[in-house]
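User: Hi! I would like to learn how to read a protein model feature by feature. Could you walk me through this one?

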Amino acid sequence: AALSGKVVQNVFIAQFYQQNRQFGTQYQRDSCVPYMRALPPFHGGKLAWTSNSSMQMRNLLKYQNAASSATAIPSLDKVDFLKLQNGSDIRGVAVSGVEGEPVSLTEPVTEAIAAGFAAWLLDKKKVDASRKLRVSIGHDSRISAQKLQDAVSRGIASAGLDVVQYGLASTPAMFNSTLTEDEAILCPADGAIMITASHLPYNRNGFKFFTNDGGLGKNDIKDILERAASIYSNFLAKGYSVKASESVKKIDYMAVYTSDLVKAVRKAAGNIEKPLEGFHIVVDAGNGAGGFFAAKVLEPLGAITSGSQFLEPDGMFPNHIPNPEDKAAMKAITQAVLDNKANLGIIFDTDVDRSAAVDSTGRELNRNRLIALMSAIVLEEHPGTTIVTDSVTSDGLTSFIEKKLGGKHHRFKRGYKNVIDEAIRLNSIGEESHLAIETSGHGALKENHWLDDGAYLMVKLLNKLASARASGKGVGSKVLTDLVEGLEEPAIAVELRIKINQNHPDLKGRYEPHRSFRKYGEAVLQHLGNSIASNPKLQKAAVNYEGVRVSGFGGWFLLRLSLHDPVLPLNIEAPSHEDAVKLGLEVAAAVKEFQALDTSALDKFVQP
């Protein structure tokens with residue numbers, strides 16, 4: 001608290017204002033090097049501060065103590081700030097214009113959050129006064145990115161920390177910046193902030209935070225938001241205004257990050273300069289931050305990338321949602337592969353921490369198939385290792401990992417941070433695990449510091465293609481497809497969302513005073529579990545970490561409580577639609593007495 005107070009004292013002294021508030025025309029136009037926009041010249045891994053750079057700095061310094069007029073800001077308290085927490089991330093509305101979605105990530109709120117992170121980081125690092133901490137900042141292609149980057153920079157500077165902006169970047173690159181050791185590019189960063197809201201709509205945005213220990217956890221985010229609320233209250237007391245300070249430094253870190261990816265593929269192929277020469281690989285970045293992968297990773301390796309699409313950053317996402325789980329997105333990359341007769345297709349989410357692939361025949365390699373593929377690759381390298389996944393993976397995947405590959409499948413909870421933390425925990429108690437991966441496309445490897453990096457996952461696939469050709473063991477994506485041969489896949493796989501009406505009278509009484517949807521959802525799950533126990537047609541999973549997982553009628557279902565929302569997602573997999581309906585009917589019968597549940601999606605699915 002004392003340290004947060006110190007940050008508050010500095011807020012009105014070392015504020016930052018960046019003159020260029022708009023995306024430049026080059027940013028919109030150049031799909032190959034969008035991250036080079038407005039950066040100082042970068043040569044040989046060093047910053048080249050030109051006379052113009054020095055002049056800009058002097059001009060900014062001249063106005064360092066010039067005060068802006070105070071701006072009225074709305075009154076917010078700790079509860080309002082805590083509402084922005086989304087597990088181990090922060091998310092909110094950053095752009096107005098969508099009915100019923102008022103802006104919650106304003107510039108003052110963002111500045112307070114960044115200052116809260118700075119205070120948290122100072123507490124964690126406990127460095128002496130002789131060394132200033134530095135924080136790297138990057139963003140995806142969202143239209144609110146520049147505005148929030150400015151506010152984050154001011155908040156970090158307010159604590160007396162150095163600010164290093166990367167511009168358009170990927171989430172994995174931001175974590176990497178805390179590990180890279182090269183003072184010429186101002187690395188390592190002591191902390192890193194990625195401005196992103198993953199695949200959410202254009203009006204949303206948020207923040208992910210990193211140190212060299214990895215991504216911050218839920219408790220850390222809560223701590224930061226509580227500090228931010230205190231800092232914001234000081235804004236309210238003293239008046240909020242934007243003041244200029246020393247210019248931040250800007251680095252083209254994406255050039256460093258992509259160079260490392262290229263080196264990894266070359267090494268896997270025996271240090272061949274262009275191990276992918278002749279391969280035709282198309283990339284779909286969904287107008288997010290992943291457009292770099294075609295020109296900066298694949299082409300230096302010799303791959304042909306013609307037919308790649310939606311590489312240019314556009315925060316309105318005009319073509320499809322950048323999401324490897326989205327059907328329209330997967331249809332788009334599949335069509336691109338087929339139209340261009342490509343060997344492989346690669347698709348990323350907005351901030352490149354998730355990915356998926358498509359083989360030359362148009363077969364999607366995502367969800368359970370991607371997990372099976374990565375498991376096959378990892379188990380070749382580490383026989384017998386444990387593969388940690390989220391809770392909605394299929395029974396067929398378990399059989400594939402354990403019976404075909406000789407590994408162990410540890411099915412855990414939904415949430416990429418949960419899966420990663422569980423893999424780390426298993427290693428700490430002596431159970432070897434090298435892969436933690438979700439059906440969403442989040443995948444982290446022990447060899448890559450347990451970072452969920454969509455680009456690195458795809459590099460592992462490229463490594464397999466390159467090494468197979470170099471050793472004469474195969475050419476093209478059939479090398480990958482063959483690795484998942486024998487994976488049993490259900491005829492029917494659906495996810496239905498059962499919503500909890502938080503205003504329903506059924507939440508009164510034992511669920512008061514807060515009408516907790518979480519307590520209500522837990523009561524639903526408890527009742528379902530009890531009813532299943534007496535049903536001879538169904539069998540509860542012997543080991544289960546989330547919700548109620550049940551086998552029967554040749555398939556299975558899982559009813560769980562959403563991590564953040566008043567929703568009970570229901571996953572059903574079965575060998576036929578008829579069997580899936582039977583499983584759905586069992587759930588419907590068990591939960592019918594809970595009047596606050598909106599079971600319309602389930603009712604529609606099971607109706608004749």
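Analyst: Happy to. Let's begin with a pair of strands: β15 (residues 386-389) runs parallel to β16, and the two are joined over 4 bridges. Within that pairing, I387 has H409 of β16 as its bridge partner. Keep in mind that this is a predicted model.

User: What is the mean pLDDT of the protein, and over which residues is the pLDDT below 50?

Analyst: The mean is 88, with 87% of the residues at 70 or more. Residues 1-68 are the stretch below 50, although the model gives this stretch 137 contacts beyond near neighbours in sequence. As a general point, where pLDDT is low, the predicted coordinates should not be read in detail.

User: Back to the strands, then. In what order do the strands around β15 and β16 form a sheet?

Analyst: The general idea is that strands of a sheet pair through backbone hydrogen bonds, either parallel or antiparallel. Here, 5 strands make an open sheet with mixed pairing, in the order β16-β15-β17-β18-β19. Its edge strands, β16 (408-411) and β19 (451-452), each pair on one side only.

User: Which helix lies across β15 and β16?

Analyst: That is helix α13 (residues 395-404), which runs at about 150° to β16. Helix α13 also meets another helix, α12 (residues 367-381): their axes come within 10 Å and cross at roughly 10°. Angles under 35 degrees count as roughly parallel, so α12 is roughly parallel to α13.

User: Which residues make the contact between α12 and α13?

Analyst: From α12 come N368, I371, A372, S375 and L379, and from α13 come L397, F400 and I401. Sorted by class, the contact of α12 with α13 has 6 nonpolar residues, 2 polar ones and no charged ones.

User: Now the sheet that holds β20. How are its strands paired, and which stand at the edges?

Analyst: This one is an open sheet of 6 strands with antiparallel pairing, in the order β21-β22-β23-β24-β20-β25. At the edges stand β21 (539-540) and β25 (597-598); each has a single partner strand, so one side of each is left without a neighbour in the sheet. For a closer look at one pair, β22 (residues 548-552) and β23 (residues 555-559) are antiparallel over 5 bridges, and S551 stands opposite W556 in β23.

User: Which strands does helix α17 touch as it packs on the sheet?

Analyst: Helix α17 (residues 517-533) touches β20 (492-500), β21, β22, β23, β24 (567-574) and β25, and its direction makes about 150° with that of β23. Helix α18 (residues 577-591) packs on the sheet too, touching β20, β22, β23, β24 and β25, at about 150° to the direction of β24.

User: Let's try single residues. Is T171 buried or exposed?

Analyst: Buried means under 20% relative accessible area; T171 has 1%, so T171 is buried. T171 lies in helix α7 (residues 171-176). Leaving aside neighbours within four places in sequence, the contacts of T171 are M194, T196, K208, F210, D351 and D353. R354 is 183 residues away in sequence, yet the C-alpha atoms of T171 and R354 are 9.8 Å apart.

User: What about the backbone: which residues does a cis peptide bond join?

Analyst: C187 and P188 are joined that way, with omega about 10°; P188 is in the loop between α7 and β7 (191-195). For phi, look at N271, which is not a glycine but has a positive value near 65°. N271 is in the loop between α9 (253-268) and β11 (281-284), and it is exposed, with a relative accessible area of 63%.

Conventions: Residues numbered from 1 in each chain as written. Predicted model: local features only at pLDDT ≥ 70, side-chain atom pairs only at ≥ 80, totals over all residues. Heavy atoms only, no water. Pairing = 2+ DSSP bridges. Contact = heavy atoms within 4.5 Å. Axes fitted to C-alpha atoms, helices over the stretch in contact; angles between N-to-C directions. Parallel < 35°, antiparallel > 145°, perpendicular 65-115°, else oblique. Nonpolar A, V, L, I, M, F, W, Y, C, P; charged D, E, K, R; others polar. pLDDT = per-residue confidence, 0-100. Buried < 20%, exposed > 50% of the residue type's maximum accessible area, 1.4 Å probe, protein only.
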